[in-house]
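Hi,

Here is the structure I promised to pass on. Have a look at it first, and then read my notes below.

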Amino acid sequence: MESSLQPSPEQAAIIAARRADPAGSLRVVAFAGSGKTTALRLLALADPTPALYLAYNKSTQLAAQQYFPAHVACRTMHSLAFRAMRMFEQQRRLERKLTGGEVAELLAIPALDGLRPSFWGHCVVLTVRSFTHDTAREIGAQHLPPLPHGPDRAELVVTFARRLWARMRDPAGEVPLEHDAYLKMWQLQGARLPGGAGVLYVDEAQDANPVTLAILQAQRCPTVWVGDPWQSIYRFRGSVNAMRAIAAPQRHLSRSWRFGEDLACLARAILAHTSEPPALALRGDPGIATLLGPVRPPCTVLCRTNAGLFEAAIRGRDRIHILGGLEPLARLVLGGWQLCRGEPVQDVPSLARFRSWDELLEEADEARDPELRFLVQIIVHYGRALPGLVADLRRRAVPHPAAAERVLATAHKAKGLEWPRVRLASDFPCLEELDAADGDGLPYLTPEERDQELHLLYVAATRARQQLEPNDAVRSCLAERATAEPEQSGHAGDCRRN
């Protein structure tokens, strides 16, 4: 496809739409594996207007530089902000992350409610981080992370967060900066993109957070937004599924070049259960046969949670490679065991706010955090065996995926990647769990939280090219596949298993 660069009918329609209205913007809703970046490249080849291509991450930007024409500059939003804010003069501030302990010392935060200063410092960091993803001009209570039960410390944390942000904005200061901080600073200063670009090409637009979206929309420049609304999985990082917030004429990329029709049918069944199912059906490549059935190593195992990843990893004696590294996973599991034994865990951010195991159990029982629920199961089931299991994983882990019999990753880390053979782990919630209600009959999950879970399942399932081993979550969606096929799809029917 990419070597010949002959547009498909859908790609040709996108090119025609741009030619018909070169001064207007365009929104391209594209499914998994449908060639989003290739479509933008074809647009650029058909239009000599100087342009700016914006990628979500550095690796995508570097790849794009290799095959976009010379009249298109390829950047990330952070690289533009870096240059505009002259961050090369403050490079030292970007070389390390700000820790809760450092913030506590910097701002003289005391111990409160039996929790160390470093914990409250971490809450302050999270508050500032949330603010940098938002378009607000000042830090407020809406940016706070979940705080411990007990005395209301919200106002105090907000006060400390504002003090920290003031220190971070000082160009002569020494406080470490995260990359989203200088992007936010740029937005607050009225960010302007470099002159000369007559059109913007925005890739993976569904991942934009409000700051990025505000900067781009303020440019008042013709923009082609390409993204998959059902791959919006970074709500916890402030993403807003920008594809649904953009007002522009719409075109589609509905055919996947990654997998065959059987897997496309399965993906349609998942998406049919979201709050906003696709109006147009995802189609598979008729030249690819993607089998649905048991997968044997070498393969990739995709999990919903880090705790689920741990359980998948310890099942076997084989060589494994964990995407993102083993040590963050080891710290999470050992930290959970430490908390269960009655010891505080200050060095694991996701556990630091819990003063006791009972507090963790209470929050997990609310059923809003799959990570916590599954971590509790792991700790209760394996208990004192956990240190030995972690030691065994350290012996079996290999640094390169090619040397492993199984590559393991969470669905979040798998986004944008693909593998020949994929097995879905058991820790993705089924429809019954997603639709569960509490004792008062109220749903445990908000519609947005429910959609995020289905989006993650869709992302994980569509990483496979040749073979996918479904899990119970997928099977629960397939059980109602008669209603999962949009009437206009023309592809209704069973998803075959092999």
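**Strand 2 and what surrounds it**

Let me start at one residue: alanine 51 stands opposite valine 72 in strand 3. Keep in mind as you read that this is a predicted model.

That pair belongs to a longer run of contacts, as strand 2 and strand 3 are parallel and joined by 5 bridges. Alanine 51 also has a partner in strand 4, where valine 199 stands opposite. One residue further on, leucine 52 faces leucine 200 of strand 4. Strand 2 and strand 4 run parallel too, with 4 bridges between them.

Now zoom out to the whole sheet. It is open and has 6 strands, in the order 3-2-4-5-1-6, with parallel pairing. Strand 3 (72–76) and strand 6 (250–253) are the edge strands; each has a single partner, so one side of each has no neighbour in the sheet. From one strand to the next, the twist averages 20°.

Is strand 2 buried or exposed? 5 of its 5 residues are buried, so strand 2 is largely enclosed by the rest of the structure. Both faces are covered: Ala51, Tyr53 and Ala55 lie on one side, Leu52 and Leu54 on the other.

Strand 4 has a similar story to tell. Val199 and Tyr201 point one way, Leu200 and Val202 point the other way, and all are buried. On to strand 5: strand 4 pairs with it in the parallel sense over 3 bridges, and tyrosine 201 has valine 224 as its bridge partner there.

**The helices on the sheet**

Which helix links strand 2 to strand 3 in a β-α-β unit? That would be helix 3, and the unit is right-handed. Helix 3 (residues 58–67) lies across both of those strands and runs at about 165° to strand 3.

Helix 9 also packs on the sheet, where it touches strand 2, strand 4 and strand 5; its direction makes about 155° with that of strand 5. Together with strand 4 and strand 5, helix 9 makes another right-handed β-α-β unit.

Helix 9 is worth a slower look. Within residues 210–218, the buried ones are Pro210, Val211, Thr212, Leu213, Ile215 and Leu216. What covers them? Besides strand 2 (51–55), strand 4 (199–202) and strand 5 (223–227), the cover includes helix 4 (77–84), helix 6 (117–132) and helix 8 (179–188).

The two ends of helix 9 have details you can check by eye. At its start, a side-chain oxygen of asparagine 209 comes to within 3.0 Å of the backbone nitrogen of valine 211. After the helix comes arginine 220, with a positive phi near 50°.

If you want a place to begin, go to alanine 51 and look both ways, to valine 72 in strand 3 and to valine 199 in strand 4. From there, move on to helix 9, which packs on the sheet.

Cheers

Conventions: Residues are numbered from 1 along each chain as its sequence is written. This is a predicted model: local features need pLDDT of at least 70, side-chain atom pairs count only at pLDDT 80 or more; totals for chains, interfaces and linings use all residues. Side-chain values use heavy atoms; hydrogens and water are left out. Buried means under 20% relative accessible area, exposed over 50%, partly exposed in between (1.4 Å probe, protein chains only). Contact means heavy atoms within 4.5 Å. A polar contact is a pair of N or O atoms within 3.5 Å; within protein, one must be able to donate a hydrogen and the other to accept it, and residues adjacent in sequence count only if both atoms are side-chain atoms. Two strands pair if DSSP finds at least two bridges between them. Axes are lines fitted to C-alpha atoms, for helices over the stretch in contact, and angles run from 0 to 180 degrees between N-to-C directions. A crossover is right-handed if, with the strands pointing away from the viewer, the path from the first strand over the helix to the second runs clockwise.
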